[in-house]
Amino acid sequence: MASATNIQRRRFLGQSTFGLAAFASFPNILSAMGDMQGFPKEAPNKASANFKADVEFDLFCSLGSVAILPGQQTKVQHYSAVLKTGPKDTLIDIPGSYLGPLINLHKGQKVRINLHNQLPEPSVTHWHGLHVPANMDGHPQYAILPGAVLVYEFEVLNRAGMNIYHPHAHEATATQVYNGLAGALFVRDEEEAALELPSSAYELPIVIQDRRFDQQNQLVYASNRHDHMVGYYGDQILVNGKPNFQIDVESRAYRLRVLNGSNARIYKLAWDDGTPITVIGVDGGLLEQPDVKPYVMLAPGERLDVWADFSGRNVGAQLVLRSLGFSGVLPKMAERMGGMMMHANKLPVGSDFSIFTAHVTKKVSDSPKLPSKLSTIARHALSDTANPNNPLPIAISESPMAMLLNGKAYAFNDPLPTERIKLNSIQLMEIFHDHGAGGHGGGMGMGGMKHGGGMGMMMSMAHPIHLHGQQFQIVSRSINANHAEDYATVRDGFIDSGLKDTVLVMPGETVRIIKPFQDFTGLFMYHCHNLEHEDMGMMREFLIYDKV
Ligand code: C2O
Ligand code: CU
Ligand code: CU
């Protein structure tokens, strides 16, 4: 592997004058990496007799076809589920959608999920956002073969919030999610219930994804190296699995549970009439108080809890949620080559387009009021961290060869010293772009390329960095002056006051976070949630240890 990378690096340096055009001609190293996973072989986990489940369901991942566009049905991979024990509203299907059922869990419940792999390939499911033991977290080492069953058992420790379930199979997350395997998982708790927020018909999931279809309505996926390097972008927006999504609403407040389920696309969400967006929660649940924003950035894997109040609007009124224009997400090189490298995508990255339309169809006189206090967040101070002056690094490096974290591609159970973390510690961490001169960022420091500018700046792009396990706090963001102009197009759209598990790190940006590592030992992944990047190896693990 090391030598293959070196050969490719040399080839890159030889061809670098051709810039990104050279990407397409590189051999696909993804397939070469396919059999170096080195996961230990173990029989899939079985149900344990002494785990008394409050909730139990069978979750199937299988092949199917659904009507997405008019005409021919689209072949998909999808989740479905059957409840065995527990409250009836534990599973709610989204009619006619390839998305998995909405899963509703309560804090404190003991949950058993029997995952049945009915796909013709290995798979495993991860509960993105949930704090569960390492062997229940959907690590790729636990992927099961076609026909096999994997039993998950865990207690819901999370506070109320919106989470995601999706596959995490080795180098197959992006394709399986793209083909339709994903769903929303809500945790409910008493703090949330006491607020009496809009519920049932007034609480709506909004899962935003982008896809490309061929003439026969079949999904089209990444075909070249460039699609993996920048991430794969559809040219059609789907909400809850449907194109041209519309909702009928009453003139009252709604709670929109928004999830960016796209592989790579980042959205800049705003109402089309200039109404600010009222945000009441993010990845890790409710904010302490509502945050009102002109627009909100939402990267893959991130969630948003939106208070959408249609009070005072007349029947016939409509409000469109759009993604507004912004810049800086793609490498400058790619942005310059624009249409050509994006295969003239009808929906260029950072362009302005509509996501869904809400039509007011009924006037009502009463509406719940937005609470001014939403929740209490148990925060950690810098002085609670094990390393207040010495943040653990999460270094992002990009090159046409590889997308890396801490200078390394994914390798199973291969923690660096800074990736070994003592159980029950709280850590200060710093996520930053490393275009350093040492060449450890994939050789970009060579040939006179300078930190922060030049080649580093030309290659730098936005990455939604996701850490498994407990939610973290965002402590600070800082931006390199070279990127200030692009950054100005997104900077008012970050909500850093809540708990997060995924944070968008823009080019030139450094983000500091505080994250607890409590309760469970073992290997927990962290990775870019641009799923093409993840599958290229932009993923590492933290080893949480108790005694050495
Ligand atoms: Cu949503 Cu490791 O993933
Ligand atoms: Cu996750
Ligand atoms: Cu990335």
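This report describes two copper sites, one open sheet and one internal cavity in a predicted model.

## Copper ion (ligand 3)

Three residues coordinate the copper ion (ligand 3): His 463 through ND1, Cys 528 through SG and His 533 through ND1, at 1.9 to 2.1 Å. Along the sequence, these donor residues follow the spacing H-x64-C-x4-H. Two of the donors link distant parts of the chain, since His 463 belongs to strand β26 (residues 463-467) and Cys 528 to strand β30 (residues 522-528), 65 residues apart.

Both His 463 and Cys 528 are buried.

## Copper ion (ligand 2)

The copper ion (ligand 2) is coordinated by the NE2 atoms of His 126 and His 466, at 1.9 Å. His 126 is part of strand β6 and His 466 is part of strand β26, so this pair ties together parts of the structure that are 340 residues apart in sequence.

Burial is assigned to residues with under 20% relative accessible area. His 126 has a relative accessible area of 1% and therefore counts as buried. His 466 is likewise buried, at 1% relative accessibility.

Strand β26 has a part in both sites: His 463 in this strand is a donor to ligand 3, and His 466 in this strand is a donor to ligand 2.

## The sheet that contains β6

Strand β6, which holds His 126, belongs to an open sheet of five strands in the order β3-β4-β9-β8-β6, with mixed pairing. The edges of this sheet are formed by β3 (91-92) and β6 (125-128); each has a single partner strand, so one side of each is left without a neighbour in the sheet.

The partner of β6 is strand β8 (residues 161-167), which runs antiparallel to β6 and is joined to it by four bridges. Within this pairing, Thr 125 stands opposite Pro 167 in β8.

## Internal cavities

Rolling a probe the size of a water molecule over the atoms reveals where empty space remains. A search of the whole structure finds ten cavities of 30 Å³ or more. The second largest cavity holds about 100 Å³ of space. It is lined by 13 residues, and those closest to its centre are Gly 469, Gln 470, Phe 517, Phe 524 and Ile 544.

The elements that contribute two or more residues to this lining are β29 (509-517) and β31 (539-545). Strand β29 gives the most, with three residues. By class, the lining of the second largest cavity comprises seven nonpolar, five polar and one charged residues.

Terms used: Residues are numbered from 1 along each chain as its sequence is written. Chains are lettered from A and ligands numbered from 1 in the order in which they are written. This is a predicted model: local features need pLDDT of at least 70, side-chain atom pairs count only at pLDDT 80 or more; totals for chains, interfaces and linings use all residues. Side-chain values use heavy atoms; hydrogens and water are left out. Donors are N, O and S atoms within 2.8 Å of the metal (3.2 Å for Na, K and Ca); water is not among the atoms, so sites may look incomplete. Buried means under 20% relative accessible area, exposed over 50%, partly exposed in between (1.4 Å probe, protein chains only). Two strands pair if DSSP finds at least two bridges between them. On a 1 Å grid over the protein atoms alone, a cavity is a set of points where a 1.4 Å probe fits but cannot get out, and a pocket is an open set with protein on both sides within 12 Å along at least five of seven lines; lining residues have an atom within 4 Å of a point. Grid points are joined across faces, edges and corners, and a volume is the space filled by probe spheres set on the points. Ala, Val, Leu, Ile, Met, Phe, Trp, Tyr, Cys and Pro count as nonpolar, Asp, Glu, Lys and Arg as charged, and the others, Gly among them, as polar.
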